[in-house]
Amino acid sequence: MSNKPNLPIDRRITKSKQALMDALLSLMQTKEFKKITVTDIVKTANLNRGTFYKHYEYKEDILDEIVDDVIADLISSYREPYKHTETFELKNLTSSAIKIFEHVSHKKEFYSLMVKSNALSGLQSKLCDVLKEVTLKDLKGVQFNPKINRELQASFYVHAMLGMITEWINHGFEYDSNYMSEQLLEILNSRQGDKVFRLT
């Protein structure tokens, strides 16, 4: 029996859920999360309350799904430079292979809320933990300097990258994602050990 008749229903479900998620993010730009009602969400999404309760029980469920989707996409974009290779060397990394800033740019409405909304407090720390875990898991076979603690090294790089992202957000995304990728690559490739800094 063909499954084709079910496809339009699946598309409608996806479209409705996306409309509800977009509506919540839009409302959160100007209104505190705790003051947003289900009525606000469905009106903004141009849907009825029945559609909301068909997919969600509480508005928090929408936010949880948004966060889960963003984290999944973040992990995918973070892995992009090495996901098709068995070995990864920094010297062969190109800025075009770095996709994490492109990911942030595509979801800039969400990331802007991350730094200004109380509803997303603690998310930056969660993202750090997620990416640190991914780094340690994916690069567990890499031979690091034996004097360097792998967890501290992973934490250093992840916090540094998310620090760049936070700075980018706070400055209103004044640079494009390509520029941010190029800057990250330059920073990773820079050698500071042989430089002398003049103290004033």
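This is a short walk through one protein chain, from its overall make-up to a few individual side chains.

What we have on screen is a predicted model. The protein chain has 200 residues, and 34% of them count as buried. Its secondary structure comes to nine helices and zero strands, so there is little to say about the order of elements beyond α-α-α-α-α-α-α-α-α. Among contacts in the chain with a separation of 6 or more, 62% are between residues 24 or more positions apart.

Let me start with the inside. The largest nonpolar core has 52 residues. Leu24, Ile41, Ile62, Ile100, Phe101, Phe110 and Tyr111 have the most contacts inside this core. Two or more residues each come from α1, α2, α4, α5, α6, α7, α8 and α9. Helix α4 gives the largest share, nine residues. As background, nonpolar side chains in soluble globular proteins tend to be buried together.

Now α4 itself, which runs from 59 to 79. With 21 residues at 1.5 Å a residue, α4 should span 30 Å, and the 31 Å between its end C-alpha atoms agrees with that. Its buried residues include Ile62, Ile66, Val70 and Leu74, and also Lys59, Ser77 and Tyr78. In general, residues three or four places apart on an α-helix point the same way, because there are 3.6 residues a turn.

Two of those α4 residues lead us to the next side chain. Which residues does tyrosine 111 touch, beyond four places away in sequence? They are Val70, Leu74, His103, Val104, Leu127 and Ile169. Tyrosine 111 also forms an aromatic pair with phenylalanine 110. That pair is edge-to-face, 5.5 Å centre to centre with 90° between the planes, and both residues are buried.

Staying with rings, the whole structure has seven aromatic pairs. Another one joins phenylalanine 156 and tyrosine 157, with centres 5.4 Å apart; their planes are at 75°, so this pair is edge-to-face too. Here the surroundings are not buried: phenylalanine 156 is exposed at 56% relative accessible area, and tyrosine 157 is partly exposed at 43%. Elsewhere, Phe52, Tyr53 and Tyr56 are linked into a cluster by ring pairs.

Charged side chains meet rings as well. Lysine 59, one of the buried residues of α4, lies over the face of phenylalanine 33, 4.7 Å from the ring centre. Lysine 108 has its charged end over the ring of phenylalanine 173, at 4.9 Å from the centre.

Two more residues before I stop. Methionine 164 is in helix α8. Is methionine 164 buried or exposed? Its relative accessibility is 17%, and the cut-off for buried is under 20%, so methionine 164 counts as buried. Beyond its neighbours within four places in sequence, it contacts Phe101, Met180, Gln183, Leu184 and Ile187. Methionine 180 is 16 residues away in sequence, with 8.3 Å between the two C-alpha atoms.

The last one is threonine 135, in helix α7. Threonine 135 is buried, at 11% relative accessible area. Where does its side chain reach, at 2.8 Å? It reaches the backbone oxygen of leucine 131. Setting aside neighbours within four places, threonine 135 is in contact with Tyr78, Ala154 and Val158. Tyr78 takes us back to α4, where it is one of the buried residues.

Methods
Residues are numbered from 1 along each chain as its sequence is written. This is a predicted model: local features need pLDDT of at least 70, side-chain atom pairs count only at pLDDT 80 or more; totals for chains, interfaces and linings use all residues. Side-chain values use heavy atoms; hydrogens and water are left out. A nonpolar core is a set of buried Ala, Val, Leu, Ile, Met, Phe, Trp, Tyr and Cys residues joined through side-chain atoms within 4.5 Å. Buried means under 20% relative accessible area, exposed over 50%, partly exposed in between (1.4 Å probe, protein chains only). Helices (H or I, at least four residues) and strands (E, at least two) are DSSP runs, numbered from the N terminus. Contact means heavy atoms within 4.5 Å. Rings of Phe, Tyr and Trp (its six-membered ring) pair if their centres lie within 6.5 Å; planes under 30 degrees apart count as stacked, over 60 as edge-to-face and the rest as tilted. A charge sits over a ring if NZ of Lys or CZ of Arg is within 6 Å of the ring centre and within 35 degrees of the ring normal. The expected span of a helix is 1.5 Å times one less than its number of residues. A polar contact is a pair of N or O atoms within 3.5 Å; within protein, one must be able to donate a hydrogen and the other to accept it, and residues adjacent in sequence count only if both atoms are side-chain atoms.
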